[in-house]
Amino acid sequence: MTQQERFAPTQEPVEHRTTTVEQGPFCVARCSCGWRGPARRARSLARADAAGHEES
């Protein structure tokens, strides 16, 4: 095994697992990849943000 093969980054696709988290009067969509949506007052909008992120 060459040094380049040992340290080559893997190109596995990132699995997106989204959740919504309530923060006071707001709801935020978050993803396991580190993405975070804007704070929303309506849970349905936070869920829509999460769904849109999963598609991209």
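Helices and strands here are DSSP runs, at least four residues for a helix and at least two for a strand. With that in hand, the overview. This is a predicted model. The chain has 2 helices and 2 strands. From the N terminus, the order is α-β-β-α.

Some totals for the chain. It has 56 residues, and 16% of them count as buried. The accessible surface is about 4,600 Å², with 49% of that belonging to carbon and sulfur atoms. Now take contacts between residues at least 6 apart in sequence. Of these, 12% join residues at least 24 apart.

Next, helix α2. It covers residues 43–55, which makes 13 residues. Does the length add up, or what should we expect? At 1.5 Å a residue, α2 should span 18 Å, and its end C-alpha atoms lie 19 Å apart, so the two agree.

Which residues of α2 are buried? Ala46, Asp49, Ala50 and His53. Around the axis they take up an arc of only 95 degrees, so they sit on the same side of α2. The general background is short. An α-helix has 3.6 residues a turn, so residues three or four places apart point the same way. And what does the buried side of α2 pack against? Strand β1, residues 18–23, and strand β2.

That brings us to β2, residues 26–31, and to Cys27, which is in that strand. Cys27 is buried, at a relative accessible area of 2%. Buried means under 20%, so Cys27 qualifies. Which residues touch Cys27, once neighbours within four places in sequence are set aside? Thr20, Val21, Glu22, Pro38, Ala39, Arg40, Arg43 and Ala46. Look at Arg43 in that list. Cys27 and Arg43 are 16 residues apart in sequence, yet their C-alpha atoms are 5.8 Å apart in space. Ala46 is in the list too, and Ala46 is one of the buried residues of α2.

Last topic, the cysteines. How many disulfides does the structure hold? The count is 0. Cys31 is in no disulfide, and its nearest cysteine sulfur is that of Cys33, 3.6 Å away. Why is there no bond between Cys33 and Cys31? A disulfide needs the sulfur atoms within 2.5 Å. At 3.6 Å, the sulfur of Cys33 is too far from that of Cys31 for a bond.

Are these two buried or exposed? Cys31 is buried, with a relative accessible area of 9%. Cys33 is partly exposed, at 36%.

Key: Residues numbered from 1 in each chain as written. Predicted model: local features only at pLDDT ≥ 70, side-chain atom pairs only at ≥ 80, totals over all residues. Heavy atoms only, no water. Buried < 20%, exposed > 50% of the residue type's maximum accessible area, 1.4 Å probe, protein only. Contact = heavy atoms within 4.5 Å. Expected span 1.5 Å × (residues − 1). Arc of directions from axis to C-beta. Areas by Shrake-Rupley, 256 points an atom, 1.4 Å probe, with all protein chains shown as cover.
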